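Q: Hey, could you walk me through this one? I'm new to it.

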Amino acid sequence: MIIRQIHVTPVAFRDPPLLNAAGVHEPWALRTIVEVVTDEGLTGLGETYGDLVHLGKVRECAQALIGLDVHALNTMYARISAIVGNVVNDRHGLTGVANKEKSIDRVFSPFEVACLDIRGKATGVPVVDLLGGKVRDAVPYSAYLFYKWAAHPGEDPDRFGAALDEAGIVEQARLLIDEYGFESIKLKGGVYPPDQEIAAIQALHEAFPGVPLRLDPNAAWTVETSIRVAHELDGALQYLEDPTPEIAGMAQVAAAVPMPLATNMCVVTPEHLPPATASHAIGVLLLDHHYWGGLVRSSHIAAMCDAFGLAMSMHSNSHLGISLAAMTHLAAATPNLTFACDTHTPWQDGQDVVKPGALTFVNGAVPVPAGPGLGIELDRDALAVMNEQYEKCGIVARDDTTYMQRFNPTFSARRPRW
Ligand SMILES: O=C([O-])[C@@H](O)[C@@H](O)[C@H](O)[C@@H](O)C(=O)[O-]
Ligand SMILES: [Mg+2]
């Protein structure tokens with residue numbers, strides 16, 4: 001199964017004005033779609049970030065993989081390492097430091113996923129079987145709530161409406177739960193002063209009794225603020241995600257609060273695991289195959305977490321169906337990935353490069369696609385439309401901060417801020 005061609009296609013799709021500690025989402029989110037084609041005519045799919053520097057590296061590496069067998073993932077990793085070489089200083093959307101290993105893992109990931117898709121198709125088994133087999137039939141996801149504006153400035157309101165206070169957040173939770181059946185809730189914080197976000201969690205706790213809740217301010221708080229908020233939310237939160245920057249800060253908070261801390265910011269590459277576990281900085285790691293080097297490497301990280309007693313959930317940025325399929329296969333094959341995973345899927349509101357049908361939400365969970373490989377099919381018309389949108393949208397890299405500063409020139413994305 002020799003790789004003969006690789007197509008790399010950047011795409012853009014509409015994204016609502018979601019607020020976070022870095023600013024606000026721009027009207028278009030970017031992704032890159034990777035298609036790997038073998039000598040036998042099989043095609044595998046991968047999906048990754050669309051930021052220009054990263055896209056350039058993905059394109060450059062694609063050329064270097066022609067002629068490799070789809071099983072030769074170690075050689076593939078070595079070739080990509082040699083090309084990426086140093087830090088790609090492209091910190092996509094609040095996912096912690098950029099370092100050399102993470103830069104390589106991010107570029108490797110879509111090719112690895114595409115090769116697993118091909119291997120599954122060639123042998124007639126779903127990717128979950130290549131990762132050790134199913135430990136669950138469906139993967140639960142959480143309702144991922146955001147404070148948001150009613151519309152991008154100058155546009156008509158989107159169908160989600162504004163969520164600028166606790167009533168808006170409760171209403172948004174109802175909408176997502178009614179449509180998707182989610183059974184746990186995550187609120188993206190770090191947007192308003194902490195007392196306002198405490199009130200939002202308390203309002204959710206009251207409106208949805210018994211539903212597990214998480215709050216993620218993306219390191220917007222000092223150690224002291226984090227400890228205060230955590231005590232005020234004792235009994236309401238399943239876990240508190242990235243309250244404060246860096247492993248040392250998280251360790252200080254973890255030692256003083258009643259609930260586990262989770263992260264997708266301070267532990268983002270293997271070298272972070274020893275100091276984080278030694279200092280008991282986190283109780284939950286949010287895995288993300290897009291920057292942990294694909295599905296097999298992510299499984300290895302999960303095994304390490306198991307050995308060190310860390311629980312697991314899954315992180316998400318704005319993404320399309322290829323990523324959702326990959327996340328679902330990985331989570332279904334990972335015994336200790338027990339918390340409901342994050343997904344931005346609802347915010348993409350049906351826009352996709354994948355044909356409908358294979359990925360559905362039942363009671364907030366996605367049944368593992370049964371077809372061979374990832375079990376999904378590329379919608380070439382949708383890909384062409386989204387590629388055209390990419391060419392026209394004028395955005396080449398995600399930048400929530402500069403976009404926010406257009407409307408609020410004094411906005412500062414400094415972290416910690418409170
Ligand atoms: O999309 C967003 O605004 C999120 O804030 C994202 O950038 C984060 O990486 C993420 O979802 C998180 O859990 O930190
Ligand atoms: Mg997070």
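A: Sure, starting with a term: domain bounds here come from an automatic or database domain assignment. For this protein chain, that assignment gives domain 1 (3–124 + 380–392) and domain 2 (129–367).

Q: Anything I should know before we dig in?
A: This is a predicted model, where local features need pLDDT of at least 70 and side-chain atom pairs count only at pLDDT 80 or more, while totals for chains, interfaces and linings use all residues. Residues are numbered from 1 along each chain as its sequence is written, and chains are lettered from A and ligands numbered from 1 in the order in which they are written.

Q: OK, how many Å separate the centres of the two domains?
A: Taken over C-alpha atoms, the centres of domain 1 and domain 2 are 22 Å apart. The contact between them takes 40 residues from domain 1 and 43 residues from domain 2, where contact means C-beta atoms, placed from the backbone, within 7 Å.

Q: Which element gives the most to domain 1's side of that?
A: Helix H3 (100–123), with eleven residues. Helices (H or I, at least four residues) and strands (E, at least two) are DSSP runs, numbered from the N terminus. That side of domain 1 divides into 20 nonpolar, ten polar and ten charged residues. Ala, Val, Leu, Ile, Met, Phe, Trp, Tyr, Cys and Pro count as nonpolar, Asp, Glu, Lys and Arg as charged, and the others, Gly among them, as polar.

Q: And the ligand, what surrounds it?
A: Ligand 1 has 14 residues around it, and the closest are Asn20, Gly93, Leu94, Asp216 and Asn264. Near means that the C-beta atom, placed from the backbone, lies within 6 Å. The shell has two nonpolar, nine polar and three charged residues.

Q: Which domains do those come from?
A: Domain 1 and domain 2 each supply at least three residues of the shell.

Q: Switching to helices: which residues of H5 are buried?
A: Glu166, Ile169, Gln172, Ala173, Leu176 and Tyr180. Buried means 20 or more other C-beta atoms within 10 Å of the residue's own, exposed means 12 or fewer, and partly exposed is in between, with C-beta atoms placed from the backbone. Down the axis of H5, the buried residues fall within an arc of 120°, so they line one face of the helix. The arc is that of the directions from the helix axis to the C-beta atoms.

Q: What's on the other side, and what covers the buried residues?
A: Ala167, Asp178 and Glu179 are exposed on the other side of H5. The cover over its buried residues includes strand E7 (143–146), strand E8 (185–188), helix H6 (194–207) and helix H12 (345–348).

Q: How about H2, what's buried there?
A: Leu73, Met76, Ile80 and Val84 are the buried residues of H2. They sit within an arc of 60° seen down the axis, so they line one face. These residues pack against helix H1 (52–65) and H3, whereas Asn74, Thr75, Ala78 and Ala82 are exposed on the face turned away. After H2 comes Gly85, with a positive phi near 65°.

Q: Last one: is Gly373 buried or exposed?
A: Gly373 is buried, because 28 other C-beta atoms lie within 10 Å. Gly373 is found in the loop between strand E14 (365–367) and helix H13 (380–393). Leaving aside neighbours within four places in sequence, its contacts include Gly44, Asp117 and Pro126.

Terms used. Two residues are in contact if their C-beta atoms, placed from the backbone, lie within 7 Å.
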